[in-house]
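Visitor: I'm new to this structure and would like a close look at one part of it. Could you pick a single strand and walk me through its surroundings?

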Amino acid sequence: MYLYKCLLKQFEEKRPFVVYRKPNADQMVGLFQKTRELHLIENFDEVGFVLAPFAQGKRFYIPLSESAIIVEQAPQGKLDLEDVELNYNDAIAKENFEDLVKRCVSAIKQNVFGKVVPSRKESIQVDVQGDLEGLFNRLCLSYPTAFCYVIYHPEIGMWAGATPESLLKVKDGVLETMALAGTQVNNGQQDVVWEQKEKEEQQFVTDFIVESLNPLANKITVSEPFTKRAARVMHICTSVVAELKENNVKVIVDALHPTPAVCGMPKAKAREFLINEEGYERKYYAGYIGELNCNVIEQTVEETDLYVNLRCMEVECDKVSLYIGCGVTKDSDPTSEFIETVNKSSTMKKVLK
Ligand SMILES: C=C(O[C@@H]1C=C(C(=O)O)C=C[C@H]1O)C(=O)O
């Protein structure tokens, strides 16, 4: 396919690119920047594809005006990749993460915050860059309902992922978003029962989103919670629709990012704790990614469609680093939370060959 040829050439020449496929979409998009420049987002009037970090780091974009744009049919069909063997007994990772969760619970009990979302990083020796076409195909075919992407910038590096979580979509003055939290293993079971802890955790996220949007919206509609399946896990989800007073993407992004689904609440306290206590830098994990002031397939510039960068990995020449986190409340059990991160890690592990 022409898009993949361009991707290979672009990567060989160390020029920025992104290839992505939106949830349930038939088409995929490739943006191939003609220069190697790093374009930073200043005021959110920019038009292009953005990748923003969780906290520290550069918020950059690939401008449409400087890129070759290729739209092709996305990989069709469904691939059921074999389950990978998950290691629940990595003693060092387990001990470190459980210790972090204990510190989170103790901060919650001291009323520093009500919820926090600690995370960890797991590196695997594997060469993925040698077969980017295969990687993107596997992402799209395995996760048809996710936002799948591979993005590269010579000054930033390469990231890939298949995220189930929308940060926001703004179109015609209407904003759509979701409150996603609470996790259990997805065995394809039909009767799903959610524990009180998970329901509360998800309610935190819904409340935060509604409160943050209140000053910005004339009317907000919240759906009943429903179960959203995402590969090996599933979550509780609520859809939120807001009629905006003003179409100011910067104000809306600042209000929502990072949501308590990936950070905690109150936001500032949780974020400060994570930056100081996690012991590593999240970089673009739990940041956001997507089209800013454009919809490439529909060829309009009046739309923004951003996703939370979850179930993702940083791709280097001989290794990948997976980033995985989980919401912690006062009732969290450190071992169960570690197991949850292992389960979530299977989304990316499955597409590695
Ligand atoms: C933080 C992650 O996922 C988030 C946390 C969830 C939870 O705490 O149950 C569920 C969905 C996501 O909003 C992750 O996948 O790394």
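Guide: Happy to. Keep in mind that this is a predicted model. Let's start at strand β9 and its partner: β9 pairs with strand β10, residues 157–163, in the antiparallel sense, with seven bridges between them. To get from β9 to β10, the chain goes through a hairpin of three residues. If you want one spot to find on screen, look for Y149, which has G161 of β10 standing opposite.

β9 has another partner too. Strand β1, residues 17–21, runs antiparallel to β9, and five bridges join the two. Here the pair to look for is V18 and I151, with I151 being the β9 residue that stands opposite V18.

Now, how enclosed is this strand? β9 spans residues 147–153, and seven of its seven residues are buried, so the rest of the structure largely encloses it. You can check that face by face. On one side sit F147, Y149, I151 and H153, while C148, V150 and Y152 are on the other; all of these are buried, so to speak, with both faces covered.

Stay with Y149 for a moment. Setting aside neighbours within four places in sequence, Y149 is in contact with V18, V19 and Y20, with A160 and G161, and with I289. Two residues of β9 also show up in the largest nonpolar core, a set of 101 residues: Y149 and V150 are, along with A160, those with the most contacts inside that core.

Let's step back and see the setting. The protein chain has seven helices and 20 strands. Across its 353 residues, 47% count as buried. Contacts between parts far along the sequence are well represented: among contacts with a separation of 6 or more, 71% are between residues 24 or more positions apart.

As for overall form, the C-alpha atoms fill a box of roughly 55 × 50 × 40 Å along the principal axes. A compact globule of 353 residues would have a radius of gyration near 20 Å, and the 19 Å of this chain agrees with that.

Finally, a label from a record. An unreviewed UniProt entry carries the annotation "domain: Chorismate-utilising enzyme C-terminal" for residues 94–344. Over residues 94–344, the chain is 30% helix and 35% strand, and the C-alpha atoms at the two ends are 15 Å apart.

Note on methods: Residues numbered from 1 in each chain as written. Predicted model: local features only at pLDDT ≥ 70, side-chain atom pairs only at ≥ 80, totals over all residues. Buried ≥ 20, exposed ≤ 12 C-beta atoms within 10 Å, placed from the backbone. Helix = DSSP H or I, 4+ residues; strand = E, 2+ residues; numbered from the N terminus. Pairing = 2+ DSSP bridges. Rg over C-alpha atoms; globule rule 2.2 N^0.38 Å. Contact = placed C-beta atoms within 7 Å. UniProt positions renumbered as here; feature names shortened; annotations may be inferred. Core = buried A, V, L, I, M, F, W, Y, C linked by C-beta atoms within 7 Å.
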